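Hi everyone, thanks for coming. I'd like to walk you through one model today, so let's put it up on the screen.

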Amino acid sequence: EKLAQGETREEILQFFVERYGESVLAAPAKSGFSLIVWLTPILGILAGGVAVWIVIRRWVRSRDTSSAGLLSRDSDDSHDEKYHDQLEKDLAHLDERGFR
C-alpha cells in the first residue's frame, strides 16, 4: 500500500521502525547499542584465534625444548645396557611360560 502511495523504501522502513522498533529490521543499524551486536562475533573470533595461536606456540616451544634436551644429553651406554639386559630377561621369562 505504501509503495502504491509513492513512498520510498527508506520512508517505509522508517515507518515500521517507528511503529515496531528496530527489531523489525532484518539487520539492525550499525550504530549505538546495536553496534555491539555486530562487533561481538568478530571480536570473539579474533580472541579465539589469538588463544589458539598462543596455545600452539607454547606447545611447539615445549616440544622443541624437550627434544633439544633429549638430543643434547650424553648417551650412557651402561645405562642402555642395563635396560637391554632387563628386557632380554623379561622376554626369556615370557618364552618359558609359553606367551611368546
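I'll go through the confidence, then the aromatic rings, and finish at the surface.

Please keep in mind that this is a predicted model. The protein has a mean pLDDT of 82, with 85% of its residues at 70 or more. Helix α1, residues 9–20, is where confidence is highest, at 90, and helix α3, residues 77–97, is where it is lowest, at a mean of 83. As a general caution, where pLDDT is low, the predicted coordinates should not be read in detail.

Now for the rings. How many aromatic pairs does the structure hold? There are two. F15 and F16 make an edge-to-face pair, with 5.3 Å centre to centre and 75° between the planes. F16 also pairs with Y20, and that pair is stacked: 6.0 Å centre to centre, 20° between the planes. Both F16 and Y20 belong to helix α1, four residues apart, which is about one turn of the helix. Taken together, F15, F16 and Y20 form one aromatic cluster.

Are these phenylalanines buried or exposed? F15 is partly exposed, at a relative accessible area of 26%, and F16 is partly exposed too, at 34%.

F15 has a charged partner as well: the charged end of K2 sits over its ring, 3.8 Å from the centre. Elsewhere, K82 places its charged end over the ring of Y83, 5.6 Å from the centre.

Last stop, the surface. L35, V37, W38, L39, I42, L43 and L46 form a nonpolar patch there, together offering about 630 Å² of accessible area. One of them, V37, lies in helix α2, residues 34–72.

Thanks, and I'm happy to chat about any of this.

Methods. Residues are numbered from 1 along each chain as its sequence is written. This is a predicted model: local features need pLDDT of at least 70, side-chain atom pairs count only at pLDDT 80 or more; totals for chains, interfaces and linings use all residues. Side-chain values use heavy atoms; hydrogens and water are left out. pLDDT is the predictor's confidence in each residue, from 0 to 100. Helices (H or I, at least four residues) and strands (E, at least two) are DSSP runs, numbered from the N terminus. Patches are made of residues with over 30% relative accessible area and no salt bridge: like charges are joined within 9 Å, nonpolar side chains (Val, Leu, Ile, Met, Phe, Trp, Tyr) within 5 Å. Accessible areas come from the Shrake-Rupley method with a 1.4 Å probe; for residues, only the protein chains shown count as cover. A salt bridge is a side-chain nitrogen of Lys or Arg within 4 Å of a carboxyl oxygen of Asp or Glu. Rings of Phe, Tyr and Trp (its six-membered ring) pair if their centres lie within 6.5 Å; planes under 30 degrees apart count as stacked, over 60 as edge-to-face and the rest as tilted. Buried means under 20% relative accessible area, exposed over 50%, partly exposed in between (1.4 Å probe, protein chains only). A charge sits over a ring if NZ of Lys or CZ of Arg is within 6 Å of the ring centre and within 35 degrees of the ring normal.
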